[in-house]
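Reader: Hey, got a minute to walk me through this one? I'd like to start with a single acidic residue and go from there.

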Amino acid sequence: MSSALLPAYARTPLSFDHGKGVHLFTKDGDSYLDFGAGIAVSSLGHAHPQLVAALQEQAGKLWHTSNLYQMPDGEKLAERLVAASFADQVFFTNSGAEALECSIKMARKYHSASGNGQRYRIITFEGAFHGRTLATIAAGGKKQYLDGFGPVVDGFDQVVFNDLKAVEAAIGDETAAILIEPVQGEGGIRPVENEFLRALREICDENGLLLILDEVQSGVGRTGRLFAHEWAGITPDIMAIAKGIGGGFPMGACLATVEAGKGMTAGTHGTTFGGNPLAMAVGNAVLDVVLAEGFMQHVNQTGLKLSQKLARLKDQYPDIIEEIRGKGLMLGLKVKPANSEMVKALIAEKMLTIPAADNVVRLLPPLIVTDEEIEEAENKIERACQKMQEQKQ
Ligand SMILES: *Cc1c(COP(=O)(O)O)cnc(C)c1O
């Protein structure tokens, strides 16, 4: 199919006209169960009435003023994120990669402002994904994403996932920080052990390093806590979020302690669009829902229900499903046939999921998913398993 779009994506030949809740609809009226939510982006589903109302109201008032002026709705959203997290301050961006860029720059600047400008290197982990800018592909370290794009941005040392000895061995005089996703998303829904995160916190404290968490995919309620690192009972110095906080409106944020952000004085960093009134209106509306009493409980209950159903399907179809992974509503099926085949088989059942590394199929439904929709998913996955099983025989 010829297209005027840069062919950087191998797109599924499927498009949608509108959405409602956990369902997407084609022009012909076909209904798909959306267990991808974009890629963990549409955290409150499609056309959530509170989000639509917030955006519509703001759209008629003010779209943009730049960061040259005060931004009251941004102040409000930042205060709420601060109140709900470890952080003291927030920088708003338009995407996850930009939130990571801010985090990386902040960590380097922190050491420079502390008189240790030689400390600029950041330890990252194999299987990581941090975005597609030059610095974040270097941080992610995936060869396929680096290939052909010239000299790799210097300053990232990648070590084996969940290997403390490797982390300790990688620390040198130039090390500034450790950067990790509490649950690897693109890497195949690989949760970091709570113990491991706690040990990283200790290593950072002992060595004067900053702990940067990439919660772009795992944050904003996805794992059943507002932020996934809460499961480990630790706090980072810097954290990048994006995806879920906008509920489908493009936005991200870099959260930090006062200490970690001490180098980021006026003029050191900037963005034209970050923190614009439309994004702030939607972000505040997302928090209205996610921070409401009982919402995290809902995520945990539906997540548990889904993982129980998946465990049953794994027992019933051991030749198709190898392992269930993840937390809350950030779940992965490690499958035995190619994960792309499973994604396709599910599309045939009118259900959307997302492939990830390690032959995993990601299940990232909107956090508002109901028990009924979990059952709908179970039935579709079961039918896909049956068909794949039959094909194998
Ligand atoms: C999606 C993602 C990013 C990049 O976000 P963009 O908005 O695509 O730039 C970074 N880190 C993680 C963990 C992600 O899942």
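Reader: So, Asp288: is that buried or exposed, or something in between?
Author: Asp288 is partly exposed, because its relative accessible area is 41%. For the classes, buried means under 20% relative accessible area, exposed means over 50%, and partly exposed is in between, with a 1.4 Å probe and protein chains only.

Reader: Before I go on, what am I looking at, and how are things counted?
Author: This is a predicted model, where local features need pLDDT of at least 70 and side-chain atom pairs count only at pLDDT 80 or more, while totals for chains, interfaces and linings use all residues. Numbering runs from 1 along each chain as its sequence is written, and side-chain values use heavy atoms, with hydrogens and water left out.

Reader: Ok. What does the side chain of Asp288 meet in a salt bridge?
Author: Arg80, at 2.7 Å from N to O. A salt bridge here is a side-chain nitrogen of Lys or Arg within 4 Å of a carboxyl oxygen of Asp or Glu.

Reader: And where do the two sit in the chain?
Author: Arg80 is in helix H3 (residues 72–83) and Asp288 in helix H9 (residues 277–290), so the bridge ties together parts that are 208 residues apart in sequence. Helices (H or I, at least four residues) and strands (E, at least two) are DSSP runs, numbered from the N terminus.

Reader: How many salt bridges does the structure hold?
Author: 21. One of them pairs Asp147 with Lys143 at 3.4 Å, N to O. Asp147 is partly exposed, because its relative accessible area is 48%, whereas Lys143 counts as exposed at 59%.

Reader: Got one inside a helix?
Author: Asp205 and Arg201, with their closest N and O atoms 2.8 Å apart. They are 4 residues apart in helix H8, so about one helical turn separates them. Asp205 is exposed at 53% relative accessible area, but Arg201 counts as buried at 13%.

Reader: Which residues do shared salt-bridge partners join into one network?
Author: Lys309, Arg312, Glu378 and Glu382.

Reader: Switching to rings. How many aromatic pairs are there?
Author: The structure holds 3. One of them is Phe16 with Tyr32, edge-to-face, 5.4 Å centre to centre and 75° between the planes. Rings of Phe, Tyr and Trp (its six-membered ring) pair if their centres lie within 6.5 Å; planes under 30 degrees apart count as stacked, over 60 as edge-to-face and the rest as tilted.

Reader: Why does the Phe16 and Tyr32 pair tie together parts of the chain?
Author: Because Phe16 lies in the segment before strand S1 (18–20) and Tyr32 in strand S3 (residues 31–34), the pair ties together parts 16 residues apart in sequence. Phe16 counts as partly exposed at 31% relative accessibility, while Tyr32 is buried at 7%.

Reader: Another pair?
Author: Phe125 and Phe196 form an edge-to-face pair, 5.9 Å centre to centre with 80° between the planes. That pair links distant parts of the chain, with Phe125 in strand S5 (residues 121–125) and Phe196 in helix H8 (residues 194–207), 71 residues apart. Both Phe125 and Phe196 are buried.

Reader: What about Ser43, where's that?
Author: Ser43 is in the loop between helix H1 (37–40) and helix H2 (49–59). At 2% relative accessible area, Ser43 is buried.

Reader: And what is Ser43 in contact with?
Author: Leaving aside neighbours within four places in sequence, the contacts of Ser43 are Arg222, Gly244, Gly247, Val286, Pro366, Leu367 and Ile368. Contact means heavy atoms within 4.5 Å.

Reader: Cool. Which residues form a nonpolar patch on the surface?
Author: Leu134, Phe149 and Val153, with about 290 Å² of accessible area together. Patches are made of residues with over 30% relative accessible area and no salt bridge, where like charges are joined within 9 Å and nonpolar side chains (Val, Leu, Ile, Met, Phe, Trp, Tyr) within 5 Å. Areas come from the Shrake-Rupley method with a 1.4 Å probe, and for residues only the protein chains shown count as cover.

Reader: Where is Phe149 found?
Author: In the loop between helix H6 (143–146) and strand S6 (156–159). Phe149 counts as exposed at 55% relative accessibility.

Reader: Last one: how many helices and strands are in the chain?
Author: There are 12 helices and 17 strands. Buried residues make up 53% of the 393 residues.
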